[in-house]
Amino acid sequence: MRTNLPNFGVETSFVDTSDVALVEAALRPNTKMVYLETPTNPTMAVTDIPAVAALCKSRGILLVVDNTFAPPPVQFPLRLGADLVLHSLTKYLNGHGDVLGGAVVGSKEMVATIRSVGATKICGSVLSPFNAYLCLRGMKTLGLRVRRHCESALAVARYLETKSCIQRVFYPGLESSPYHALAQRQMNGLYSGILSFELVDGMGGKSSFDLGKAVVNALQIPAIAVSLGDPDSLVQHPASMTHASVPKADREASGITDGLIRMSVGLEDPEDLIADFEQAFAAAGL
């Protein structure tokens, strides 16, 4: 899909970057930047960063990677060939759900340009000293926290895969994921603390849309929220929350079905989370 952004005079193409051939087909002689997120939100598709980086470098194109879902020690896009890396500081890097912020990481020259032009003339704001302190505080435990998030997410994903009421679990750490081999190569065996799963439509005489809401409302440990990376598990039903205003056909074209639920697995004991899912599925009649 191609669109024009009149405020900036920029032509943009939106493609599935997990298919490198589609990325290559979308490039034009005037392409300046490829921007990708891996894993994607909320379907957890994984893009081959080294392959896209090689393609970009062969044409003198900048590669920018949003690494919010797979922060260190999970994934290191700069080592894999990216030019710039973006993080939502609000999520894992802060890790406590008490900051709004973002970060751009790259070479000294690129960051200097972003600092002098982007931060001052376009964005117009920087973090307050206290918010910066909270991010630095959170990053002291980043490695420990993220490993626990990822290990627990894998345990929960494996449990969800055993449930007959679930059509599909989206998590690259699962051997059933089409992205598993690639994720093994570039995600250091951790795979993210985020997972999604899709409920079977029509079970118990209910639509997957109604089942999705019922399961989310019945869970007792996770909070219903659209953020992620907190110590507490967070869960959301995109079709009735973040994507409620998106036409169903458009949502489904992006893989966001009525029965899709996304979970940010927190630092709770995974056995407690699994037990909570058991009672929630029962409460929803599954």
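**Two open sheets and their packing helices**

His87 is located in strand S5 of a model that is predicted. With a relative accessible area of 10%, His87 falls under the 20% limit and is therefore buried. Leaving aside residues up to four places away in sequence, His87 is in contact with Asn67, Thr68, Pro71, Pro72, Leu93, Gly102, Ala103 and Val105.

One of these contacts, Pro72, belongs to the loop between S4 and S5. The relative accessible area of Pro72 is 26%, and this residue is partly exposed. Besides His87, Pro72 touches Asn67, Leu142 and Val146, again not counting residues up to four places away in sequence. Between Pro72 and Ala225 the separation is 153 residues in sequence and 24 Å in space, taken from C-alpha to C-alpha.

The sheet that contains S5 is open and has four strands, in the order S3-S4-S5-S6, with mixed pairing. S3 and strand S6 (102-106) have a single partner strand each and stand at the edges, so one side of each has no neighbour in the sheet. From one strand to the next, the twist averages 20°. Strands of a sheet pair through backbone hydrogen bonds, in a parallel or an antiparallel sense. For S3 and strand S4 (residues 62-66) the sense is parallel, and the pairing extends over five bridges. Within this pair of strands, Glu37 stands opposite Asp66 of S4.

Two helices are associated with this sheet. Helix H2 (residues 49-58) lies across S3 and S4 and runs at about 155° to S4. Helix H3 (residues 108-123) packs on the sheet through contacts with S4, strand S5 (84-88) and S6, and its direction makes about 145° with that of S6.

Side chains alternate along S3. Val34 and Leu36 point to one face and are buried, whereas Met33, Tyr35 and Glu37 point to the other face and are not buried. Met33 is found in this strand, which covers residues 33-37. The relative accessibility of Met33 is 45%; this residue counts as partly exposed because the value lies between the 20% and 50% limits. Together with Tyr35 and Leu62, Met33 makes a nonpolar surface patch of about 280 Å². Met33 and Tyr35 are thus contributed to the patch by the face of S3 whose side chains are not buried.

A further open sheet is formed by five strands in the order S7-S8-S11-S10-S9, and its pairing is mixed. Strand S7 (166-170) and strand S9 (223-224) are the edge strands, each paired on one side only. S9 and strand S10 (residues 234-236) run parallel and are joined by two bridges. Ala223 has Leu234 as its bridge partner in S10.

Helices also pack against the five-stranded sheet. Helix H7 (residues 208-218) lies across strand S8 (194-199), S9, S10 and strand S11 (260-264), and runs at about 135° to S8. Helix H9 (residues 270-283) touches S7, S8 and S11, and the direction of H9 makes about 20° with that of S8.

Conventions:
Residues numbered from 1 in each chain as written. Predicted model: local features only at pLDDT ≥ 70, side-chain atom pairs only at ≥ 80, totals over all residues. Heavy atoms only, no water. Patch = residues over 30% accessible without salt bridge, like charges linked within 9 Å, V, L, I, M, F, W, Y side chains within 5 Å. Areas by Shrake-Rupley, 256 points an atom, 1.4 Å probe, with all protein chains shown as cover. Salt bridge = Lys/Arg side-chain N within 4 Å of Asp/Glu carboxyl O. Buried < 20%, exposed > 50% of the residue type's maximum accessible area, 1.4 Å probe, protein only. Pairing = 2+ DSSP bridges. Contact = heavy atoms within 4.5 Å. Axes fitted to C-alpha atoms, helices over the stretch in contact; angles between N-to-C directions.
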